[in-house]
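Reader: Hi! Could you walk me through this one while I have it open?

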Amino acid sequence: MTGQRSDARRNYQRILAVAEAEVAAHGAEASQEQIARTAGVGSATVRRHFPTRRALLEAVFQERIEGLCERAHRLSATEDSRTALLEWLHAFVLYAVSARGFAHILSYEAPTEEPSPNSCGSRIEAAGTPLLQRAIRDKAVAPHVTFHDLLTLAVGIALATEHHTDPDTQAGRLFRLAVEGLSPEQGTVGVPEGSGSSALVTESLPNEHV
């Protein structure tokens with residue numbers, strides 16, 4: 001029995017290592033059959049450890065999810081609640097852009113569903129919601145904003161920019177545009193008349209180190 005458990009653990013780790021490489025190369029559509037062949041196990045073994053594609057992807061992204069959750073916890077001690085929320089959300093967007101398949105798995109979780117408490121979406125929501133609630137209490141964020149709004153924003157930006165020649169830059173631009181708004185009420189000025197265009201000078205985002 002002990003030997004069987006050791007074999008199962010080795011299979012799990014080997015499958016997961018191969019899956020990480022396949023998902024990095026092919027995103028959420030990585031072939032489970034190819035993962036099985038590369039890992040040197042049968043498809044049934046892969047499905048025994050990871051019954052669904054979602055289970056496999058969540059295992060692949062587990063370490064990064066933990067990193068995002070830990071970062072949210074650290075940022076909860078930041079004095080400025082708006083800065084804390086935006087820094088975390090920006091890190092979330094950049095990770096969703098850089099990790100192929102991550103945005104896709106989050107987009108599968110509709111708000112009407114009740115995902116497992118251990119799912120990617122549930123864990124991220126549990127980590128990020130306190131940051132949002134604090135920003136709302138401080139009147140730094142509109143009271144009608146929900147965490148699902150933020151999740152949809154991050155996933156949408158990631159999916160929209162994943163094939164861009166410079167996805168990080170484009171994602172950052174769209175993120176700032178979403179935060180600042182198309183026509184911000186504060187700090188908006190036009191360029192001199194006769195220029196043929198207008199410019200918006202808006203409050204800048206905090207310096208983010210991601």
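Reader: Let me start with a residue I clicked on: where is the place of Thr45?

Author: Happy to help. Thr45 sits in helix α3, residues 43–49. Keep in mind that this is a predicted model.

Reader: Thanks. Does Thr45 count as buried or exposed?

Author: Thr45 counts as buried, with 13% relative accessibility.

Reader: And which residues is Thr45 in contact with, leaving aside neighbours within four places in sequence?

Author: Those are Asn11 and Ile15.

Reader: Let's zoom out. How many helices and strands does the protein chain have?

Author: The chain has ten helices and zero strands. Of its 210 residues, 39% are buried. As for contacts between residues at least 6 apart in sequence, 62% join residues at least 24 apart.

Reader: What about the surface: how much does the protein chain expose?

Author: About 12,100 Å², of which carbon and sulfur atoms supply 51%.

Reader: Now the inside. Which residues have the most contacts in the largest nonpolar core?

Author: That core has 55 residues, and the ones with the most contacts inside it are Phe61, Trp88, Phe92, Phe102, Leu106 and Ile124. Helix α6 gives the most to this core, with ten residues.

Reader: Pick Ile124 for me. What does Ile124 touch, not counting residues up to four places away in sequence?

Author: Ile124 touches Ile65, Trp88, Phe92, Phe102, Leu106 and Phe147.

Reader: Back to α6, then. How many of the residues of α6 are buried?

Author: The count is 16 of 18, so α6 is largely enclosed by the rest of the structure.

Reader: What span should α6 have at 1.5 Å a residue?

Author: The 18 residues should span 26 Å, and the end C-alpha atoms of α6 are 26 Å apart, which agrees. At the start of α6, a side-chain oxygen of Asp80 comes to within 2.9 Å of the backbone nitrogen of Arg82.

Reader: Nice. What happens at the start of α2?

Author: There, a side-chain oxygen of Ser31 reaches to within 3.3 Å of the backbone nitrogen of Glu33. At the other side, Gly40, just after α2, takes a positive phi of about 75°.

Reader: Which residues of α2 are buried?

Author: In α2, residues 32–39, they are Gln32, Ile35, Ala36 and Ala39. Looking down the axis of α2, these buried residues fall within an arc of 100°, so they line one face of the helix.

Reader: I'd like to see α10 too. Which of the residues of α10 are buried?

Author: Ala171, Gly172 and Phe175 are the buried residues of α10. They fall within an arc of 100° seen down the axis of α10, so they line one face of the helix.

Reader: What do the buried residues of α10 pack against?

Author: They pack against α6 (81–98) and α9 (147–161). Helix α10 itself covers residues 167–180 and reaches 20 Å from its first C-alpha to its last, close to the 20 Å expected. Just after α10 comes Gly181, with a positive phi of about 90°.

Reader: One more on phi: what about Lys139?

Author: Lys139 has a positive phi of about 60° although it is not a glycine. For context, most residues other than glycine have a negative phi.

Reader: Where does Lys139 lie, and is Lys139 exposed or buried?

Author: Lys139 is in the loop between α8 (120–137) and α9. Lys139 is exposed, and its relative accessible area is 77%.

Methods. Residues are numbered from 1 along each chain as its sequence is written. This is a predicted model: local features need pLDDT of at least 70, side-chain atom pairs count only at pLDDT 80 or more; totals for chains, interfaces and linings use all residues. Side-chain values use heavy atoms; hydrogens and water are left out. Helices (H or I, at least four residues) and strands (E, at least two) are DSSP runs, numbered from the N terminus. The expected span of a helix is 1.5 Å times one less than its number of residues. Buried means under 20% relative accessible area, exposed over 50%, partly exposed in between (1.4 Å probe, protein chains only). The arc is that of the directions from the helix axis to the C-beta atoms. Contact means heavy atoms within 4.5 Å. A nonpolar core is a set of buried Ala, Val, Leu, Ile, Met, Phe, Trp, Tyr and Cys residues joined through side-chain atoms within 4.5 Å. Accessible areas come from the Shrake-Rupley method with a 1.4 Å probe; for residues, only the protein chains shown count as cover. A polar contact is a pair of N or O atoms within 3.5 Å; within protein, one must be able to donate a hydrogen and the other to accept it, and residues adjacent in sequence count only if both atoms are side-chain atoms.
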